[in-house]
Amino acid sequence: MSRIRILPENVANKIAAGEVVERPASVVKELLENALDAGARTVRVETEAGGRRMIRVSDDGYGMAHDDALLAFERHATSKLRTADDLLSIETLGFRGEALPSIAAVSRLLLETRAAEEEEGTRIEFAGGKLVGVKPAGLPAGTTVSVADLFYCVPARRKFLKSDTTELGHIASVVTHYALANPDKHFVLKSPTQDIVDAVPATNLTDRVYQLFGRQALDELVEIPPVQAPVRAAIMEPEIEAEEYAAQLGASGFVSRPEVQRANRNSIYIFVNRRLVRDRLILHAIHEAYRNIVPQNVFPAVLLFLELPSEEVDVNVHPAKIEVRFRHPQFVHDFARDAIRQALTRARPVPSFVTAAAAGAAGGATQPSAPAIFGDANTGGSARAVIPPMTPFGGIAAAEEFTLTTAPAQPEAQRFQFEPGATEGPAPNAVSDAPAPTFAQRFREIATQQAEVPASASSLLDLKPLGQVNASFIVAVNGEGLWLIDQHVAHERILFEQHLQARRAGQLTGQRMLVPIVAELSPRQLVTFERIAEELSANGFEVSPMGPRTVAIQATPAGIASADAEKLLLEILDGIERENSAISLDTLQAKIAASTSCRAAIKVNMPLDQKKMEWLLDELARTDAPMSCPHGRPIVLRYSLREIERAFKRI
Ligand SMILES: Nc1ncnc2c1ncn2[C@@H]1O[C@H](COP(=O)(O)OP(=O)(O)OP(=O)(O)O)[C@@H](O)[C@H]1O
Ligand SMILES: [Mg+2]
């Protein structure tokens, strides 16, 4: 007897449903996407019992004719794709033809639809994947899908569902995402007791953010004005015509000001061609953009919309379509990073003692995380919901990011909290009992401390050094207050900018070693070495192959002690290796400059005389970004005169 058999269709559908339908929020996601693909201008979502008893999604899109409505429940039945080639440039949210049959397989589903040009509509009922009724019906144009008793025939799945409020929180987040991505459409989300979202068509994203999150959230954000990719001097992927490519990329959205700091990534929303995605590459770009600005392990709130030609993104890499692959990842990465960075440079304050201390504490992995400014992109929860990780929207979140419990004792900077819908109606799913101060209250407290004397790069101009703390931190004063400067990172910043400038002007020369240093490279390091050998020599390195895996370092960039030469080379190679295979020349040069300057900079625990300190502060003031080192640590802390006066209770 043969062992292999083709699975019956209802079994196959249940398996597919396992991938697509994880919980009520995934049903809402699929139905919302269908409504948007059908050109809907208004989408209403009604739920009962967190979506497990009922989810109803109605739209005023183009509806379906009778035969199409039946066909829609066949697996791989779609109107959005015809040939395999179409897969290379998908412009709709759906394309797999899996969602409706998958949902129908695990619920009691009622589809009511009428195509605008038809007189009569169609009503189709399924139960556990079986067709139980088809009738003509008088219906308005558009489509309504009602999904009752989700997972009633899959008890194992049912058990994994969380409380109704938690599930409703996930649904609220999904609706919020799509409302953000489509400001011109009307979105409604209701439960039997609450109007959770009612966002009428808005003219722009700013108004939509206001509708969903209120005025205070807008105050915490900096807009990324719509930008197009700048033309890079050179890209290490020869097949790309940089100029042509750049003209097709666009970015817009909002990013949080540097003092808004989150302990996890839940407030980061990334949209690629209006599709919400979780993408490691873009997360990395965001991280890099904030690197100089927020401490490590601290995350911003981001609403980033990337637009690129559909053939540049492969969306067919994940069953729930929440991951994408870019054809030119490094380019997109650098573009996103630069767009955010530009927006942020306009809003970069100098860390004060108070915020730096709080932010430092926020970086500790053991701290519980606060609810997110925008709600919860990973978990689908709205801002106040206390929600565990999930896939599909939680795919990327590491376990340690979900340590949220009730009433955490948090440092100031972490307790920012924001309620969506604060402007109108009740807060959605207010699950957390802990009366936390609102985001705005907390922010105002810190903002007033910072806004008193807007500190900028020019604040450093007339600093007078007084001495060192622990031979590591320079103490200095000027009219603005008292300053502490980390001597190592300050020097690192100076060298970094000098190095990069000299490199870009083609003026870097190396220093020869008395005795060449022999270094052994791993096969991967060797490959990387060959790839960037030319750039290394333009940075002052002279490295020649000796044996199959050994190289001799004959010269290094200036300022590097011979004992550090090998470490520096290996650090550069390993740093590049971790990057994507396509790394832009800009990034490569910055990485080499960062590693070199870190090695060459004066260290901590090194006494400096007055002249040296003066020189250091002087040079620092001349740099473009004197506030943070190339690796992102703060360089200076300021205790402003106002803070001092307040601390002494003089004001
Ligand atoms: N709300 C709707 N309005 C109009 N047509 C719809 C609607 N929902 C579904 N359809 C039609 O039914 C088809 C099947 O829908 P389904 O969601 O199963 O697949 P899909 O959207 O094509 O792909 P995916 O599985 O990726 O979502 C769609 O291609 C579309 O033609
Ligand atoms: Mg679909």
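Aspartate 149 is situated in the loop that links strand S6 (142-148) to helix H5 (155-160). In this predicted model, the residue adopts a positive phi of about 50 degrees although it is not a glycine. Aspartate 149 is classed as partly exposed, because its relative accessibility is 26%, a value that falls between the limits of 20% for buried and 50% for exposed residues. A positive phi, near 50 degrees, is also found at alanine 49, again a residue other than glycine. Alanine 49 belongs to the loop between strand S1 (42-48) and strand S2 (54-59). With a relative accessible area of 18%, alanine 49 is buried, since the limit for this class is under 20%.

The strands that precede these two loops, S6 and S1, both take part in an open sheet of eight strands, whose order is S5-S4-S3-S6-S2-S1-S7-S8 and whose pairing is mixed. Strand S5 (130-137) and strand S8 (195-199) form the edges of the sheet, each of them pairing on one side only. From one strand to the next, the twist averages 10 degrees. Within this sheet, S1 and S2 are joined in the antiparallel sense by six bridges. The register of this pair is illustrated by valine 43, whose bridge partner in S2 is aspartate 59.

The model contains a bound molecule, ligand 1, which has 21 residues around it; the nearest of these are Thr78, Ser79, Lys80, Glu98 and Lys321. By class, the shell consists of eight nonpolar, seven polar and six charged residues. Several polar contacts involve oxygen atoms of the ligand. The side chain of lysine 80 places an N or O atom 2.6 Å from an oxygen atom of ligand 1. For phenylalanine 95, a backbone N or O atom lies at 2.9 Å from a ligand oxygen atom. A polar side-chain atom of glutamate 30 is found 3.4 Å from an oxygen atom of ligand 1. On its own, ligand 1 has 580 Å² of accessible area, of which the protein covers 94%. Two elements, helix H2 (24-37) and helix H4 (99-105), each supply two or more residues to the shell. Helix H4 provides the largest share, namely three residues.

Helix H4 also includes serine 102. This serine is buried, because its relative accessible area is 1%, and the class extends to values under 20%. The side chain of serine 102 makes a polar contact at 2.6 Å with the backbone oxygen of glutamate 98. Glutamate 98 is itself one of the residues that come nearest to ligand 1.

Further along the chain, strand S16 (residues 464-469) and strand S17 (residues 473-478) run antiparallel and are joined by five bridges. Lysine 464 is placed opposite valine 477 of S17. The two strands form a hairpin with three residues between them, and asparagine 470 of this hairpin has a positive phi near 55 degrees. S17 additionally pairs with strand S18 (residues 481-486), in the antiparallel sense and over six bridges. In this second pair, valine 475 stands opposite leucine 484 of S18. S17 and S18 likewise constitute a hairpin, here with two residues between the strands.

Another open sheet is built from three strands in the order S19-S21-S20, with antiparallel pairing. Its edge strands, each pairing on one side only, are strand S19 (510-520) and strand S20 (542-545). Neighbouring strands of the sheet are turned against each other by 20 degrees on average, direction ignored. Seven bridges connect S19 with the antiparallel strand S21 (residues 550-557). Glutamate 520 has threonine 550 as its bridge partner in S21.

Technical notes
Residues are numbered from 1 along each chain as its sequence is written. Chains are lettered from A and ligands numbered from 1 in the order in which they are written. This is a predicted model: local features need pLDDT of at least 70, side-chain atom pairs count only at pLDDT 80 or more; totals for chains, interfaces and linings use all residues. Side-chain values use heavy atoms; hydrogens and water are left out. Helices (H or I, at least four residues) and strands (E, at least two) are DSSP runs, numbered from the N terminus. Buried means under 20% relative accessible area, exposed over 50%, partly exposed in between (1.4 Å probe, protein chains only). A residue is near a molecule or strand if one of its heavy atoms lies within 4 Å of it. A polar contact is a pair of N or O atoms within 3.5 Å; within protein, one must be able to donate a hydrogen and the other to accept it, and residues adjacent in sequence count only if both atoms are side-chain atoms. Accessible areas come from the Shrake-Rupley method with a 1.4 Å probe; for residues, only the protein chains shown count as cover. Ala, Val, Leu, Ile, Met, Phe, Trp, Tyr, Cys and Pro count as nonpolar, Asp, Glu, Lys and Arg as charged, and the others, Gly among them, as polar. Two strands pair if DSSP finds at least two bridges between them. Axes are lines fitted to C-alpha atoms, for helices over the stretch in contact, and angles run from 0 to 180 degrees between N-to-C directions.
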